[in-house]
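Subject: Structure handover

Hello,

Here is the structure we talked about. Please look it over, then read my notes below.

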Amino acid sequence: MSNMILTGTIHWHLLKEDLEEHIPNEMSFYLNQVLERLTNYYDTNREVIVPKKPKLSLVWVKSDLITVEACLDRTWEMLNSGYWKDVPINYRYCYSLCSIFLSLLMEISLSLEEDNAKSTFEFKRIMQQIDKGILLGAPLPRSPNLLTNAASKFNKHFAKNIELPGFSQDNKLDVDVEDPCTTLYLGFSAVNRLVKPSMEKFFCDAFRPKVPVLMEGCLSHWRALHLWKDAEYLEKIAGHRTVPIEIGSKYTEDDWSQSLVTFSEFLKTHITKKNERVGYLAQHQLFDQIPELKNDFAVPEYCSFSDKEDGEEFPDINAWFGPSGTVSPLHYDPKNNFLTQVIGYKRVVLYSPGDSPKLYPYETRLLCNTARVDPYNPNFEEYPDFQHAKGYMCYLKPGEMLYIPPKWWHHVTSLSPSFSISFWWE
């Protein structure tokens with residue numbers, strides 16, 4: 001259908017199989033009826049440019065919108081009851097399916113709309129719902145890339161017609177600052193440094209003994225080092241997309257919260273100008289959501305080493321993008337980690353797994369990998385053993401990467417607007 005953007009991404013028979021096999025019974029009956037009407041509509045109009053029709057001719061669209069929104073509301077309730085990892089996967093499948101159904105129905109309504117202002121509003125709603133499906137749902141077993149492909153195609157088409165405000169000269173991403181202070185704090189030791197090490201050198205000096213190492217000259221081929229300093233470049237690719245950000249000083253404080261905003265709003269509110277409340281796009285799989293950005297970097301070849309005999313899994317790749325002053329409290333991760341610095345500067349403090357008892361981890365289930373001590377403002381009366389822990393420190397500059405072995409504690413502070421990529425693997 002010539003003026004339908006999303007339909008080219010749909011394989012209807014696969015959607016039907018996913019619906020019948022993976023959607024909770026309480027909603028599958030109603031969603032099956034919606035799918036039948038959508039399929040019939042697209043089959044009827046496959047080769048026809050849909051003319052402007054009276055709204056009454058598609059009264060079923062309004063009815064089905066109400067049905068799908070009701071299913072989304074019910075699914076949302078299930079996703080927000082108890083721990084996220086304990087939510088039955090079928091409800092996350094349902095959220096994905098409902099998101100694509102709702103987007104298709106809104107697109108049909110949009111194709112009949114003559115009011116440009118209303119069309120712009122509907123486009124933003126469609127784009128937001130697809131992204132919410134990616135963020136909160138789960139890839140459908142038979143169509144795992146459906147929402148990601150739909151988002152890319154829809155965003156590319158409409159980004160040509162709906163312009164973003166852009167940036168004034170005062171709103172550019174200010175990362176071309178002089179190197180911040182790189183002096184080691186009293187009591188800390190320097191992290192070992194290697195310049196573009198061979199695979200063997202990295203394996204023998206860092207990976208096998210499981211010690212941190214700061215590496216230079218390994219990312220010089222990344223286009224991201226240059227392109228991502230331009231806020232307008234980032235906005236052009238991702239401006240319309242919805243992303244999750246953390247609001248507040250750090251996740252262990254009471255002022256911390258989460259919010260869904262457009263990438264453009266995040267750039268303008270938290271990155272290109274100062275804001276009293278810190279906004280941080282932290283530990284987000286941005287490159288799965290927006291794969292166009294993957295063209296600007298590559299997985300470090302050192303990730304090919306594994307602690308498992310059959311370790312051939314692709315690394316988990318996360319984005320960390322925020323203003324100066326973002327803080328990741330002292331914590332550890334269970335996997336090998338390359339923290340790569342694309343733009344800006346960070347200071348990192350590390351402690352070995354052997355010092356874990358001296359760092360006083362939280363005893364709660366959600367924060368058991370997070371320490372109660374603050375390495376910059378230690379309270380030795382409350383945490384007396386911390387004074388016997390051996391701390392290491394390093395500064396990350398653009399183009400450098402830090403190898404953090406499994407269960408090594410690390411505290412990270414941004415010294416400027418900063419974009420980092422982490423690669424986690426076993």
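One definition before the sheet: two strands count as paired if DSSP finds at least two bridges between them. Keep in mind too that this is a predicted model.

**Overview**

The chain has 11 helices and 14 strands. It runs to 426 residues, and 51% of them count as buried. Take the contacts with a separation of 6 or more: 80% of them join residues 24 or more positions apart.

**The sheet**

Nine strands make up an open sheet. Their order is β2-β3-β12-β9-β14-β7-β6-β4-β5, with mixed pairing. At the edges sit β2 (193–195) and β5 (257–262), each paired on one side only. From one strand to the next, the twist averages 25°.

Now go through some of the pairs. Strand β4 (residues 242–247) and strand β6 (residues 279–284) run antiparallel, joined by two bridges. Here Glu246 has Tyr280 of β6 as its bridge partner. β6 is also joined to β7 by two bridges, again antiparallel. In that pair, His284 stands opposite Ala319 of β7. On to β7 and strand β14 (residues 418–425): seven bridges link them, in the antiparallel sense.

**β7 and Asn318**

Is β7 enclosed or open to the outside? Six of its seven residues are buried, so β7 is largely enclosed by the rest of the structure.

Asn318 is a residue of this strand. It counts as buried, because its relative accessibility is 4% and the cut-off is under 20%. Its bridge partner in β14 is Ser422. Which residues does Asn318 contact, leaving aside its neighbours within four places in sequence? They are Gln283, His284, Gln285, Phe287, Ser420, Ile421, Ser422 and Trp424. Ser422 is thus on two lists: bridge partner and contact. His284, which stands opposite Ala319, is also in contact with Asn318.

**Helix α10 on the sheet**

Helix α10 (residues 263–271) lies across β4, β5, β6 and β7 (316–322). Against β5 it runs at about 120°. The helix is mostly covered, with seven of its nine residues buried. Those are Phe263, Ser264, Phe266, Leu267, Lys268, His270 and Ile271. What do they pack against? The partners are α9 (231–238), β4, β5, β6 and β7.

**The helices α1 and α4**

Helix α1 (residues 12–22) meets helix α4 (residues 89–111). Their axes come within 10 Å and cross at roughly 145°. The crossing is left-handed. From α1, the contact uses Trp12, Leu15, Leu19 and His22. From α4, it uses Asn90, Tyr93, Leu97, Phe101 and Leu104. By class, that gives seven nonpolar residues, two polar and no charged ones.

Thr7 belongs to the segment before α1. Is Thr7 buried or exposed? Its relative accessible area is 15%, so Thr7 is buried, given the cut-off of under 20%. Thr7 and Leu104 are 97 residues apart along the chain, yet 7.7 Å separates their C-alpha atoms. Leu104 is also one of the α4 residues in the contact with α1.

**The nonpolar cores**

In soluble globular proteins, nonpolar side chains tend to be buried together. Here the largest nonpolar core has 52 residues. Leu31, Leu38, Leu97, Ile100 and Phe101 have the most contacts inside this core. Two or more residues each come from α1, α2 (25–44), α3 (59–79), α4, α5 (116–136) and α6 (146–159). Which element gives the largest share? That is α4, with 14 residues.

A second, separate core has 44 residues. Leu219, Ile271, Val342 and Tyr403 are among them. Ile271 is also one of the buried residues of α10.

Back in the largest core, look at Leu31. Not counting residues up to four places away in sequence, Leu31 touches Leu19, Ile23, Val68, Cys71, Cys94, Leu97, Cys98 and Phe101. Among these, Leu19, Leu97 and Phe101 also take part in the contact of α1 with α4.

**Where to look**

Start with Asn318 in β7. Move on to α10, which lies across four named strands, β4, β5, β6 and β7. Finish at the left-handed crossing of α1 and α4.

Best wishes

Notes. Residues are numbered from 1 along each chain as its sequence is written. This is a predicted model: local features need pLDDT of at least 70, side-chain atom pairs count only at pLDDT 80 or more; totals for chains, interfaces and linings use all residues. Side-chain values use heavy atoms; hydrogens and water are left out. Axes are lines fitted to C-alpha atoms, for helices over the stretch in contact, and angles run from 0 to 180 degrees between N-to-C directions. Contact means heavy atoms within 4.5 Å. Buried means under 20% relative accessible area, exposed over 50%, partly exposed in between (1.4 Å probe, protein chains only). A crossing is left-handed if the near helix is turned anticlockwise from the far one by less than a right angle, and right-handed if clockwise. Ala, Val, Leu, Ile, Met, Phe, Trp, Tyr, Cys and Pro count as nonpolar, Asp, Glu, Lys and Arg as charged, and the others, Gly among them, as polar. A nonpolar core is a set of buried Ala, Val, Leu, Ile, Met, Phe, Trp, Tyr and Cys residues joined through side-chain atoms within 4.5 Å.
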